[in-house]
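Subject: Structure for you to look at

Hello,

Please find the structure below. My notes on it follow, and you can check them as you scroll through the view.

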Amino acid sequence: MADLLDRIHDLYDELERHRVMLSFKGILAPELITALLGLVERKLVGMEPDPKARKRVFNVVVECLQNLYHHHGPMGVEGDGPQSAKDPHGVVMIARTDTGYSVLTGNLMAGQDVDQLKGHLDRINSLDAGGLREWYRAKLADGTYSAAGGGGLGMIDIARRSGGKLEYAFVPYDKDSSFFSLNVNVNT
Amino acid sequence: MEPLYLEGSPKTPHVHFDPVTGMLELKGRSIPENSVDFYKPLIDWIDKYGRQPSAKTSLHVQLEYFNTSSSKCILDVFKRLEPIRAAGNEVTVLWHYEADDEDMLEAGEDYSGIINLPFKMIQIAEVNGD
(Lines give C-alpha, C1' and ligand atoms only; values in the text may rest on other atoms or scores of the structure.)
Protein backbone atom coordinates (compact mmCIF):
# COMPACT_ATOMS: atom_id res chain seq x y z
CA MET A 1 0.00 0.00 0.00
CA ALA A 2 2.61 2.55 1.09
CA ASP A 3 4.60 1.39 -1.88
CA LEU A 4 1.79 2.25 -4.27
CA LEU A 5 1.24 5.63 -2.65
CA ASP A 6 4.94 6.41 -3.01
CA ARG A 7 4.82 5.37 -6.59
CA ILE A 8 2.00 7.71 -7.54
CA HIS A 9 3.84 10.52 -5.81
CA ASP A 10 7.00 9.64 -7.74
CA LEU A 11 4.99 9.60 -10.94
CA TYR A 12 3.61 13.04 -10.17
CA ASP A 13 7.11 14.37 -9.45
CA GLU A 14 8.47 12.82 -12.59
CA LEU A 15 5.75 14.28 -14.79
CA GLU A 16 6.21 17.65 -13.14
CA ARG A 17 9.99 17.57 -13.53
CA HIS A 18 9.80 16.71 -17.21
CA ARG A 19 7.18 19.39 -17.81
CA VAL A 20 4.78 16.86 -19.25
CA MET A 21 1.69 18.42 -20.84
CA LEU A 22 -0.01 15.14 -21.51
CA SER A 23 0.70 11.49 -21.02
CA PHE A 24 -1.40 8.49 -21.85
CA LYS A 25 -0.94 4.75 -21.97
CA GLY A 26 -3.58 2.42 -23.27
CA ILE A 27 -5.78 1.65 -26.23
CA LEU A 28 -5.87 4.42 -28.79
CA ALA A 29 -9.34 4.25 -30.30
CA PRO A 30 -10.23 7.00 -32.80
CA GLU A 31 -12.57 8.70 -30.29
CA LEU A 32 -9.79 8.81 -27.72
CA ILE A 33 -7.34 10.21 -30.28
CA THR A 34 -9.90 12.94 -31.03
CA ALA A 35 -10.15 13.75 -27.32
CA LEU A 36 -6.36 13.80 -26.84
CA LEU A 37 -5.91 16.04 -29.88
CA GLY A 38 -8.54 18.42 -28.51
CA LEU A 39 -6.66 18.59 -25.24
CA VAL A 40 -3.30 19.15 -26.90
CA GLU A 41 -4.73 21.87 -29.09
CA ARG A 42 -6.25 23.72 -26.15
CA LYS A 43 -3.04 23.48 -24.14
CA LEU A 44 -0.95 24.70 -27.07
CA VAL A 45 -3.20 27.74 -27.54
CA GLY A 46 -2.57 28.56 -23.89
CA MET A 47 1.21 28.11 -23.89
CA GLU A 48 2.55 28.65 -27.41
CA PRO A 49 2.13 32.15 -28.83
CA ASP A 50 3.57 31.34 -32.28
CA PRO A 51 0.79 29.90 -34.48
CA LYS A 52 3.32 28.31 -36.85
CA ALA A 53 4.98 26.43 -33.99
CA ARG A 54 1.57 25.41 -32.67
CA LYS A 55 0.66 23.93 -36.03
CA ARG A 56 3.92 22.03 -36.33
CA VAL A 57 3.57 20.50 -32.89
CA PHE A 58 -0.07 19.63 -33.51
CA ASN A 59 0.76 18.03 -36.85
CA VAL A 60 3.50 15.93 -35.28
CA VAL A 61 1.14 14.82 -32.51
CA VAL A 62 -1.51 13.84 -35.08
CA GLU A 63 0.94 11.72 -37.07
CA CYS A 64 2.50 10.14 -33.98
CA LEU A 65 -0.86 9.16 -32.48
CA GLN A 66 -2.04 7.82 -35.80
CA ASN A 67 1.17 5.86 -36.19
CA LEU A 68 0.31 4.19 -32.91
CA TYR A 69 -3.18 3.58 -34.20
CA HIS A 70 -2.08 2.05 -37.51
CA HIS A 71 1.19 0.36 -36.60
CA HIS A 72 0.78 -1.45 -33.35
CA GLY A 73 2.25 -4.86 -33.08
CA PRO A 74 1.56 -8.10 -31.29
CA MET A 75 0.89 -7.84 -27.59
CA GLY A 76 3.00 -9.49 -24.98
CA VAL A 77 2.09 -10.24 -21.38
CA GLU A 78 -0.85 -7.86 -21.32
CA GLY A 79 -2.54 -9.50 -24.28
CA ASP A 80 -4.74 -11.73 -22.19
CA GLY A 81 -8.07 -10.44 -23.47
CA PRO A 82 -9.37 -11.90 -26.72
CA GLN A 83 -9.36 -8.54 -28.50
CA SER A 84 -6.37 -6.91 -26.85
CA ALA A 85 -3.87 -8.27 -29.34
CA LYS A 86 -5.67 -6.41 -32.12
CA ASP A 87 -6.23 -3.13 -30.32
CA PRO A 88 -3.94 -0.19 -31.01
CA HIS A 89 -2.02 0.02 -27.81
CA GLY A 90 0.72 2.43 -26.93
CA VAL A 91 2.11 5.16 -24.77
CA VAL A 92 2.41 8.85 -25.58
CA MET A 93 3.93 11.76 -23.71
CA ILE A 94 4.16 15.37 -24.78
CA ALA A 95 6.53 17.57 -22.85
CA ARG A 96 7.83 21.10 -22.92
CA THR A 97 11.59 21.35 -23.44
CA ASP A 98 14.03 24.26 -23.33
CA THR A 99 13.98 24.46 -27.11
CA GLY A 100 10.35 23.62 -27.84
CA TYR A 101 8.37 20.44 -27.43
CA SER A 102 9.10 16.76 -27.28
CA VAL A 103 6.60 14.21 -28.57
CA LEU A 104 7.40 10.73 -27.27
CA THR A 105 5.62 7.59 -28.31
CA GLY A 106 6.16 3.91 -27.69
CA ASN A 107 4.54 0.75 -28.91
CA LEU A 108 5.18 -2.91 -29.42
CA MET A 109 5.79 -4.05 -32.94
CA ALA A 110 6.60 -7.28 -34.75
CA GLY A 111 10.29 -8.05 -34.34
CA GLN A 112 10.57 -9.02 -37.99
CA ASP A 113 9.62 -5.46 -39.07
CA VAL A 114 12.30 -3.74 -36.98
CA ASP A 115 15.04 -3.76 -39.65
CA GLN A 116 12.78 -2.21 -42.23
CA LEU A 117 11.59 0.57 -39.92
CA LYS A 118 15.13 1.21 -38.72
CA GLY A 119 16.32 1.53 -42.31
CA HIS A 120 13.50 3.95 -43.04
CA LEU A 121 14.30 6.12 -40.00
CA ASP A 122 18.03 6.11 -40.77
CA ARG A 123 17.38 7.21 -44.32
CA ILE A 124 15.14 10.02 -43.04
CA ASN A 125 17.83 11.12 -40.61
CA SER A 126 20.43 11.19 -43.39
CA LEU A 127 18.48 13.79 -45.39
CA ASP A 128 18.24 17.55 -45.04
CA ALA A 129 15.02 19.58 -45.41
CA GLY A 130 15.31 19.71 -49.20
CA GLY A 131 15.98 15.99 -49.47
CA LEU A 132 13.02 15.17 -47.23
CA ARG A 133 10.70 17.34 -49.28
CA GLU A 134 11.86 15.70 -52.49
CA TRP A 135 11.39 12.21 -51.06
CA TYR A 136 7.96 13.09 -49.68
CA ARG A 137 6.90 14.42 -53.05
CA ALA A 138 8.20 11.37 -54.90
CA LYS A 139 6.47 8.99 -52.49
CA LEU A 140 3.22 10.91 -52.72
CA ALA A 141 3.37 10.92 -56.52
CA ASP A 142 4.24 7.28 -57.09
CA GLY A 143 1.39 5.95 -54.99
CA THR A 144 3.34 2.94 -53.75
CA TYR A 145 2.18 3.37 -50.19
CA SER A 146 -1.28 2.65 -48.88
CA ALA A 147 -3.40 5.54 -47.71
CA ALA A 148 -4.83 3.41 -44.93
CA GLY A 149 -1.43 2.55 -43.53
CA GLY A 150 0.11 5.94 -44.20
CA GLY A 151 3.37 4.29 -43.25
CA GLY A 152 6.46 5.74 -44.83
CA LEU A 153 4.95 9.13 -45.57
CA GLY A 154 4.02 9.72 -41.93
CA MET A 155 7.57 9.52 -40.61
CA ILE A 156 8.91 11.76 -43.39
CA ASP A 157 6.22 14.31 -42.56
CA ILE A 158 7.09 14.11 -38.86
CA ALA A 159 10.76 14.71 -39.64
CA ARG A 160 9.94 17.65 -41.90
CA ARG A 161 7.87 19.36 -39.21
CA SER A 162 10.38 18.56 -36.49
CA GLY A 163 13.28 20.18 -38.25
CA GLY A 164 15.61 17.87 -36.30
CA LYS A 165 16.69 14.26 -36.30
CA LEU A 166 14.35 11.53 -35.13
CA GLU A 167 15.53 9.81 -31.96
CA TYR A 168 14.52 6.20 -31.68
CA ALA A 169 15.23 2.92 -29.95
CA PHE A 170 14.15 -0.68 -30.33
CA VAL A 171 14.18 -2.94 -27.30
CA PRO A 172 13.53 -6.66 -27.79
CA TYR A 173 10.42 -7.55 -25.81
CA ASP A 174 9.88 -11.23 -26.38
CA LYS A 175 10.73 -13.67 -29.14
CA ASP A 176 8.26 -12.10 -31.60
CA SER A 177 8.14 -8.47 -30.67
CA SER A 178 10.14 -5.35 -29.94
CA PHE A 179 9.29 -2.15 -28.17
CA PHE A 180 9.73 0.85 -30.44
CA SER A 181 10.24 4.25 -28.85
CA LEU A 182 10.37 7.49 -30.78
CA ASN A 183 11.22 10.98 -29.64
CA VAL A 184 10.39 13.87 -31.92
CA ASN A 185 11.76 17.24 -30.89
CA VAL A 186 9.91 20.15 -32.38
CA ASN A 187 12.05 23.21 -31.95
CA THR A 188 10.19 26.46 -31.72
CA MET B 1 -27.13 15.23 -60.09
CA GLU B 2 -27.30 16.01 -56.38
CA PRO B 3 -24.83 18.28 -54.63
CA LEU B 4 -22.63 16.70 -51.98
CA TYR B 5 -22.75 18.34 -48.61
CA LEU B 6 -20.96 17.16 -45.48
CA GLU B 7 -20.66 19.13 -42.30
CA GLY B 8 -17.18 19.51 -40.85
CA SER B 9 -16.11 17.61 -37.72
CA PRO B 10 -13.02 17.80 -35.47
CA LYS B 11 -11.25 15.42 -37.84
CA THR B 12 -12.98 15.86 -41.18
CA PRO B 13 -13.47 18.84 -43.46
CA HIS B 14 -16.62 20.63 -44.43
CA VAL B 15 -17.47 19.47 -47.97
CA HIS B 16 -19.71 21.21 -50.45
CA PHE B 17 -19.65 20.04 -54.06
CA ASP B 18 -22.12 21.83 -56.31
CA PRO B 19 -22.63 20.20 -59.75
CA VAL B 20 -24.42 23.26 -61.20
CA THR B 21 -21.86 25.96 -60.39
CA GLY B 22 -18.92 23.53 -60.55
CA MET B 23 -17.72 24.86 -57.19
CA LEU B 24 -16.16 22.16 -55.03
CA GLU B 25 -15.20 23.12 -51.50
CA LEU B 26 -13.01 21.31 -48.99
CA LYS B 27 -12.61 23.34 -45.83
CA GLY B 28 -11.38 22.92 -42.28
CA ARG B 29 -9.24 19.97 -41.22
CA SER B 30 -8.68 16.53 -42.62
CA ILE B 31 -7.05 14.29 -40.02
CA PRO B 32 -9.16 11.10 -39.82
CA GLU B 33 -7.49 7.75 -39.09
CA ASN B 34 -9.23 6.15 -42.04
CA SER B 35 -9.10 8.73 -44.77
CA VAL B 36 -10.01 6.27 -47.52
CA ASP B 37 -13.44 5.74 -45.95
CA PHE B 38 -14.04 9.46 -45.68
CA TYR B 39 -12.89 10.32 -49.21
CA LYS B 40 -14.59 7.48 -51.06
CA PRO B 41 -17.97 9.27 -51.45
CA LEU B 42 -16.12 12.41 -52.60
CA ILE B 43 -14.18 10.49 -55.26
CA ASP B 44 -17.35 8.68 -56.37
CA TRP B 45 -19.18 11.99 -56.64
CA ILE B 46 -16.44 13.50 -58.81
CA ASP B 47 -16.40 10.43 -61.07
CA LYS B 48 -20.12 10.85 -61.65
CA TYR B 49 -19.80 14.62 -62.03
CA GLY B 50 -17.09 14.06 -64.64
CA ARG B 51 -19.61 12.51 -67.02
CA GLN B 52 -21.48 15.80 -67.30
CA PRO B 53 -19.32 18.47 -65.72
CA SER B 54 -19.96 22.16 -65.58
CA ALA B 55 -17.91 24.08 -68.18
CA LYS B 56 -16.02 25.59 -65.26
CA THR B 57 -14.92 23.67 -62.20
CA SER B 58 -13.15 25.27 -59.28
CA LEU B 59 -11.91 23.22 -56.36
CA HIS B 60 -11.37 25.33 -53.28
CA VAL B 61 -9.05 23.66 -50.80
CA GLN B 62 -8.89 25.55 -47.54
CA LEU B 63 -7.37 23.30 -44.93
CA GLU B 64 -5.86 24.18 -41.62
CA TYR B 65 -4.50 20.67 -41.07
CA PHE B 66 -4.31 17.48 -43.03
CA ASN B 67 -2.59 14.24 -42.10
CA THR B 68 -0.47 12.05 -44.36
CA SER B 69 -3.30 9.55 -44.64
CA SER B 70 -5.43 12.31 -46.19
CA SER B 71 -2.64 13.55 -48.42
CA LYS B 72 -2.97 10.53 -50.71
CA CYS B 73 -6.76 10.91 -50.83
CA ILE B 74 -6.50 14.60 -51.65
CA LEU B 75 -4.15 13.65 -54.48
CA ASP B 76 -6.82 11.22 -55.72
CA VAL B 77 -9.39 14.04 -55.72
CA PHE B 78 -7.06 16.08 -57.94
CA LYS B 79 -6.40 13.10 -60.19
CA ARG B 80 -10.12 12.63 -60.81
CA LEU B 81 -10.31 16.23 -62.02
CA GLU B 82 -7.48 15.84 -64.57
CA PRO B 83 -9.60 14.00 -67.19
CA ILE B 84 -12.34 16.63 -66.83
CA ARG B 85 -9.84 19.27 -67.82
CA ALA B 86 -8.32 17.05 -70.52
CA ALA B 87 -11.82 16.87 -72.07
CA GLY B 88 -11.69 20.62 -72.67
CA ASN B 89 -13.33 22.00 -69.54
CA GLU B 90 -11.88 24.69 -67.35
CA VAL B 91 -10.64 23.27 -64.05
CA THR B 92 -8.79 25.26 -61.41
CA VAL B 93 -7.54 24.39 -57.95
CA LEU B 94 -7.60 27.26 -55.49
CA TRP B 95 -5.21 26.32 -52.71
CA HIS B 96 -5.71 28.49 -49.63
CA TYR B 97 -3.12 28.83 -46.91
CA GLU B 98 -2.91 30.94 -43.81
CA ALA B 99 -0.43 33.81 -44.01
CA ASP B 100 1.95 32.28 -41.45
CA ASP B 101 1.66 28.72 -42.75
CA GLU B 102 4.60 28.06 -45.08
CA ASP B 103 4.12 24.32 -44.63
CA MET B 104 0.65 24.52 -46.15
CA LEU B 105 1.94 26.66 -49.03
CA GLU B 106 4.69 24.09 -49.66
CA ALA B 107 2.12 21.29 -49.61
CA GLY B 108 0.14 23.12 -52.30
CA GLU B 109 3.29 23.57 -54.36
CA ASP B 110 4.07 19.87 -53.98
CA TYR B 111 0.64 18.96 -55.35
CA SER B 112 0.86 21.43 -58.18
CA GLY B 113 4.18 19.84 -59.18
CA ILE B 114 2.58 16.40 -59.35
CA ILE B 115 -0.84 17.21 -60.79
CA ASN B 116 -1.64 18.48 -64.25
CA LEU B 117 -4.09 21.20 -63.20
CA PRO B 118 -3.64 24.95 -62.81
CA PHE B 119 -3.19 25.87 -59.14
CA LYS B 120 -3.78 29.28 -57.64
CA MET B 121 -2.18 29.88 -54.26
CA ILE B 122 -4.33 32.13 -52.15
CA GLN B 123 -3.13 33.62 -48.90
CA ILE B 124 -5.82 34.09 -46.27
CA ALA B 125 -5.94 35.37 -42.71
CA GLU B 126 -7.45 32.29 -41.09
CA VAL B 127 -9.15 29.05 -42.11
CA ASN B 128 -12.80 28.99 -41.24
CA GLY B 129 -13.94 25.40 -40.95
CA ASP B 130 -17.70 25.90 -41.03
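Start with B:Tyr111. Beyond its neighbours within four places in sequence, B:Tyr111 is in contact with A:Leu140 of the other chain, and with B:Phe66, B:Ser71, B:Ile74, B:Leu75, B:Phe78, B:Trp95 and B:Phe119 of chain B. Keep in mind that this is a predicted model.

B:Tyr111 also belongs to the largest nonpolar core, which has 76 residues. Together with A:Val184, B:Phe78 and B:Trp95, B:Tyr111 is among the residues with the most contacts inside that core. Helix α3(A) gives the most to this core, with nine residues. As background, nonpolar side chains in soluble globular proteins tend to be buried together.

Next, the strands of chain A. Ten of the eleven residues of β3(A) are buried, so the strand is mostly covered. β3(A) has these two partners:

- β2(A) runs antiparallel to β3(A), and six bridges join the two. A hairpin of three residues connects them, and A:Val91 stands opposite A:Gly106 in β3(A).
- β5(A), residues 177-187, pairs with β3(A) in the antiparallel sense over eleven bridges. Here A:Leu104 stands opposite A:Asn183 in β5(A).

Then helix α2(A), residues 30-47. How far apart should its ends be? At 1.5 Å a residue, its 18 residues should span 26 Å, and the end C-alpha atoms are indeed 26 Å apart. The buried residues of α2(A) are A:Ile33, A:Leu36, A:Leu37, A:Val40 and A:Leu44. They lie on the same side of the helix, because they cover an arc of only 100° around its axis. The face turned away from that buried side carries the exposed residues A:Glu31, A:Arg42, A:Val45 and A:Gly46. Among the elements that cover the buried residues of α2(A) are β1, α3, β2 and β3 of chain A.

Last, helix α1(B), residues 35-49. The same check on length works for this helix: 15 residues should span 21 Å, and the end C-alpha atoms are 21 Å apart. Where is the kink in α1(B) centred? The kink is centred on B:Pro41 and amounts to about 25°. Buried in α1(B) are B:Ser35, B:Phe38, B:Tyr39, B:Leu42, B:Ile43, B:Trp45, B:Ile46 and B:Tyr49. What covers them includes the strands β1, β2, β3 and β4 of chain B, and also helix α2 of chain B.

Regards

Conventions:
Residues numbered from 1 in each chain as written. Chains lettered and ligands numbered in written order. Predicted model: local features only at pLDDT ≥ 70, side-chain atom pairs only at ≥ 80, totals over all residues. Heavy atoms only, no water. Helix = DSSP H or I, 4+ residues; strand = E, 2+ residues; numbered from the N terminus. Expected span 1.5 Å × (residues − 1). Buried < 20%, exposed > 50% of the residue type's maximum accessible area, 1.4 Å probe, protein only. Arc of directions from axis to C-beta. Contact = heavy atoms within 4.5 Å. Bend = angle between axes of the 7 residues up to and from the residue. Core = buried A, V, L, I, M, F, W, Y, C linked by side-chain atoms within 4.5 Å. Pairing = 2+ DSSP bridges.
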